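Subject: Structure handover, with notes on pockets and local geometry

Hello,

Please find the structure below. My notes follow it, starting with the pockets.

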Amino acid sequence: MNSENFSICEKIVSPSYIRQGSQARRGHEQLIRMLLEQGKCPEEGWSESTIELFLNELAVMDSNNFLGNCGVGEREGRVASSLVAQRHYRLIHGIGRSGDIAAIQPKAAGSSLLNKLTNSVVLDVLKLSGVRSVASCFVVPMATGMSLTLCFLTLRHKRPKASYIIWPRIDQKSCFKAMITAGFEPVVVENVLEGDELRTDLEAVERKVHELGAENILCIHSTTSCFAPRVPDRLEELAIICAKYDIPHVVNNAYGVQSSKCMHLIQQGARVGRIDAFVQSLDKNFMVPVGGAIIAGFNDSFIQEISRMYPGRASASPSLDVLITLLTLGASGYKKLLAERKEMYTYLAQELKRLAEAHGEKLLQTPHNPISLAMSLDGLQAQSDKAVTQLGSMLFTRQVSGARVVALGNEQIVNGHTFCGFMSHSKSYPCPYLNAASAVGITRDDVTLCIKRLDKCLKTLKKESSGRSSSPSLLTGQEEMYGE
């Protein structure tokens, strides 16, 4: 309501009451004004009423919500279901135009403003999370794998002769298929075992550069967030190799925003060498529905080039979800979540170590992995190969989600490439193990209940192996746990 309407209201209701209401309204508007002026995540989170007021103000700026609108085109923001309209706050037009996902839509000033503000707020959050020198980013309505593909396709125009991507091995299908989908040949570099950790083989990477020729390599595709015992790639050293041979460098930072260590690696890599783009998931880092990612980098023109590569308009849902979430949390709320995640990592490590020792196992020493942990399963392997896979199935049926049991000797073919020891990031890791991760949003209750159920499963399997129990197997298929 504008000042003129408030003045009219004073003729209907006591002026003192109306002035009080007007002042309350100005409080909401002041928060909105600061967001528009600064383009940064507010330090303190907003109330739901402020967020809804803001979104409604944006929505009435889109042509589908104009009171006198007469639409005769093929794309007029028409929605058959009122539930769908409410779900999207009547922001129906999406983002971008047919030729550029970052372009302004003449029919949708509100949605265009939403898009610009979201990218600005997300950039601010990437900076406060540790990558201080990031220059540009944009939210793309695709998950991490397809967002990586978009980066590779953009690089193709810069390096038309290139057909290879050097990729330190990580056993996760989407990042491998991202390279295949883009039309390139992944050159898999096996990791080296250092203690319990699997680390980047820098000498092998450089050998591949010499073998293939730098001009034939599209990029080096490295990884930060990963399942232990694999640890983040040696980003600084890889960035130096990329700078030395003038090879682009794309980082899969899928759930690394929540880790100060992963973000520090990206910052340092860009400082000492070359990182062209880094890609992170929205759902894993900001607790929103699956379907969006952030593509970011240190050269604004290159990031804009990637955004222009996206064909057509795009859904505004991921942008809307992450903007609502960050406005709700505020910078202080998000930083609190990151601090709590770190605390839970320590607690999870302590509890897993205690449990492992009680069952004659060990917590694998992976200090370079700040999110994921692994516990050996040598005792189960000694009982039988079946016992290891059965543990994973038992956990799954007991509603322990996310725990991954990795047996020895798995082999899998992915798009024609054979991975020996699949899921372990290595041809021959020394022992089977169980993974658990301390990701943003995890609670103490999650850890406590997981440890309790894992303890019961291990005890049950021991009884079965010793013949003291004839209870039926709960094996439901190892593939169920992996979510692949």
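Helix H16 is the main contributor to the lining of the largest pocket, giving 6 residues. Helices here are DSSP runs of H or I with at least four residues, strands are runs of E with at least two, and both are numbered from the N terminus. A pocket is an open set of points on a 1 Å grid over the protein atoms alone, with protein on both sides within 12 Å along at least five of seven lines; a cavity is a set of points where a 1.4 Å probe fits but cannot get out, and lining residues have an atom within 4 Å of a point.

Before the rest, the basis of the numbers. This is a predicted model, in which local features need pLDDT of at least 70 and side-chain atom pairs count only at pLDDT 80 or more, while totals for chains, interfaces and linings use all residues. Residues are numbered from 1 along each chain as its sequence is written, and side-chain values use heavy atoms, with hydrogens and water left out.

Pockets and cavity

The largest pocket holds about 1200 Å³ of space (a volume is the space filled by probe spheres set on the grid points, which are joined across faces, edges and corners). Its lining has 46 residues, and Phe-227, Lys-284, Gly-402, Ala-437 and Ala-439 are the ones nearest the centre. Besides H16 (444-466), at least two lining residues each come from helix H6 (144-158), helix H7 (173-181), helix H11 (282-286), strand S14 (433-437) and helix H17 (479-482). By class the lining has 22 nonpolar, 16 polar and 8 charged residues. Nonpolar covers Ala, Val, Leu, Ile, Met, Phe, Trp, Tyr, Cys and Pro; charged covers Asp, Glu, Lys and Arg; the others, Gly among them, are polar.

The second largest pocket has a volume of about 220 Å³. Of its 14 lining residues, Ala-102, Asn-119, Ser-136, Cys-137 and Gln-304 lie nearest the centre. Helix H5 (109-128), strand S1 (136-140) and helix H12 (300-309) each give two or more residues to this lining. The classes here are 6 nonpolar, 5 polar and 3 charged.

There is 1 cavity of 30 Å³ or more, and the largest cavity encloses about 30 Å³. Trp-167, Ile-170, Asp-171, Gln-172, Lys-173, Phe-176, Val-414, Phe-419 and Phe-422 form its lining, which divides into 6 nonpolar, 1 polar and 2 charged residues.

The chain as a whole

The chain has 17 helices and 14 strands. Its radius of gyration is 26 Å, which agrees with the value near 23 Å for a compact globule of 484 residues; the radius is taken over C-alpha atoms, and the globule rule is 2.2 Å times the number of residues to the power 0.38. Along the principal axes, the C-alpha atoms fill a box of roughly 85 × 60 × 40 Å.

Of the 484 residues, 53% count as buried (buried is under 20% relative accessible area, exposed over 50%, partly exposed in between, with a 1.4 Å probe and protein chains only). Among contacts in the chain with a separation of 6 or more, 72% are between residues 24 or more positions apart, a contact being heavy atoms within 4.5 Å.

Local points

Three residues have a positive phi that you may want to look at. Met-287 has a phi of about 55° although it is not a glycine; this residue sits in the loop between H11 and strand S9 (293-297) and is partly exposed at 44% relative accessible area. Met-423, also not a glycine, has a phi of about 90°. Met-423 lies in the loop between strand S13 (417-420) and S14 and is buried, with a relative accessible area of 2%. Gln-399, just after helix H15, takes a phi of about 65°. Within H15 (residues 385-397), the buried residues include Ala-387, Val-388, Leu-391 and Leu-395.

A cis peptide bond joins Ala-228 and Pro-229, with omega about 10°. Pro-229 is in the loop between strand S6 (217-223) and helix H9 (235-245).

Gly-195, in the loop between strand S4 (192-194) and strand S5 (197-199), is exposed at 62% relative accessible area. Gly-195 and Leu-364 are 169 residues apart in sequence and 9.0 Å apart in space, C-alpha to C-alpha.

Regards
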